[in-house]
Amino acid sequence: MRYALGIEYDGAGFCGWQRQNHSPSVQSSVEKAIEVVANHPVTVVCAGRTDTGVHARGQVAHFDSPSERSERQWVLGINSNLPDAVRVLWVRAVDDSFHARFGAFSRSYQYSILNRLVRPAIGVSYYGWCRESLDAKRMHEAAQVLQGRHDFSAFRSTGCSAQHAIREVTAIKVSRNEEIVTIDISANAFLYHMVRNIVGSLIPVGTGEKSIQWFTDVFRGRDRAVAGVTAEPQGLCFINVRYEPRYGLPDSQGSLPDL
């Protein structure tokens, strides 16, 4: 039997999603917790691997197990064996055609920037920080050039293993709520550090250091070397992933099932 599960986690204490030998990962924590309930080794595959310090509210993953447990037993059993920074929100039995990574048709991230003179003391692991005043409307205007199917080589970091840089951004929005500037972006898939590199190039537009046309030229020029720096990881959160309705999975950011 294949099971899909929704996961949220605080990435501050992990080396990222992917299992590593040198430090704790979200993947290894989830696998160990599932193994206690399933009574056998498991491998968990996620929709989108996150880096060190990056968080998730709506990560989706899958694993295979012959063990029969109710949804309630899976959720409560797994969570009782997880560290406090990771929680499984739901578990669903799915058919073998479901694949958390290759079956996803949309993924969404949100990057949050604390925009004030002083660095945060509270919530330091949840925000990027910018001292200079940011014009969110100007950043939003610049970002609209990214919508559609394009080559995102300008925002592709070294070490990216993707076969090509073509991605389709379906929505991107920059907004402000008091001192917090947020960048929400949805796409069919993302390149390594793509969101953080986009944010790092939008920030100088927001401060007025660079023009909107500069951002457009950087994007269309496809040269990572002339784009902005990579934004800090802690401001990034994996928000949502969507699949075909036939799988009957809860919306990552919608209401959770009753247990």
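Is E179 buried, partly exposed or exposed? E179 counts as partly exposed, because its relative accessibility is 38% (buried means under 20% relative accessible area, exposed over 50%, partly exposed in between, with a 1.4 Å probe and protein chains only). Keep in mind that this is a predicted model, where local features need pLDDT of at least 70, side-chain atom pairs count only at pLDDT 80 or more, and totals for chains, interfaces and linings use all residues. Residues are numbered from 1 along each chain as its sequence is written, and side-chain values use heavy atoms, with hydrogens and water left out.

**Salt bridges**

- Side chains of opposite charge can pair when their charged atoms come close.
- Here the count comes to ten salt bridges (a side-chain nitrogen of Lys or Arg within 4 Å of a carboxyl oxygen of Asp or Glu).
- One of them joins E179 and R116, at 3.8 Å from N to O. This pair ties together distant parts of the chain, 63 residues apart: E179 is in the loop between strand 8 (166-177) and strand 9 (180-187), and R116 is in the loop between strand 5 (106-115) and strand 6 (128-130). (Helices, H or I with at least four residues, and strands, E with at least two, are DSSP runs numbered from the N terminus.)
- R116, like its partner, counts as partly exposed, since its relative accessibility is 28%.
- R119 and E232 also meet in a salt bridge, at 3.9 Å from N to O. They are 113 residues apart, with R119 in the loop between strand 5 and strand 6, and E232 in the loop between helix 5 (212-221) and strand 10 (236-242).
- R119 is partly exposed at a relative accessible area of 49%, and E232 is partly exposed at 27%.
- D95, E244 and R246 are hooked up in a network of salt bridges.

**Helix 4 and its link to D51**

- R196 pairs with D51 in a salt bridge, and their closest N and O atoms are 3.7 Å apart. That connects helix 4 (residues 194-207) to the loop between strand 2 (45-46) and strand 3 (55-64), across 145 residues.
- R196 counts as buried at 10% relative accessibility, while D51 counts as partly exposed at 24%.
- Twelve of the 14 residues of helix 4 are buried, so the helix is largely enclosed by the rest of the structure. Among them are M194, I198, L202 and V205.
- The cover over those buried residues includes strand 5, helix 3 (136-143), strand 8, strand 9, helix 5 and strand 10.
- How far apart are the end C-alpha atoms of helix 4? They are 21 Å apart, which agrees with the 20 Å that its 14 residues should span at 1.5 Å a residue (the expected span is 1.5 Å times one less than the number of residues).
- Right after helix 4 comes G208, with a positive phi near 90°.

**The nonpolar core**

- The largest nonpolar core has 77 residues, and I34, F155 and F215 have the most contacts inside it. (Such a core is a set of buried Ala, Val, Leu, Ile, Met, Phe, Trp, Tyr and Cys residues joined through side-chain atoms within 4.5 Å.)
- Leaving aside neighbours within four places in sequence, F155 is in contact (heavy atoms within 4.5 Å) with residues including M194, N197, I198, S201 and F215.

**Q27 in helix 1**

- Q27 lies in helix 1 (residues 26-38), and Q27 is buried, with a relative accessible area of 8%.
- The Q27 side chain reaches the backbone oxygen of V44 at 3.1 Å.
- Beyond neighbours within four places in sequence, Q27 touches W17, Q18, R19 and V44.

How values were computed. Polar contact = N/O pair within 3.5 Å; in protein donor to acceptor, adjacent residues only side chain to side chain.
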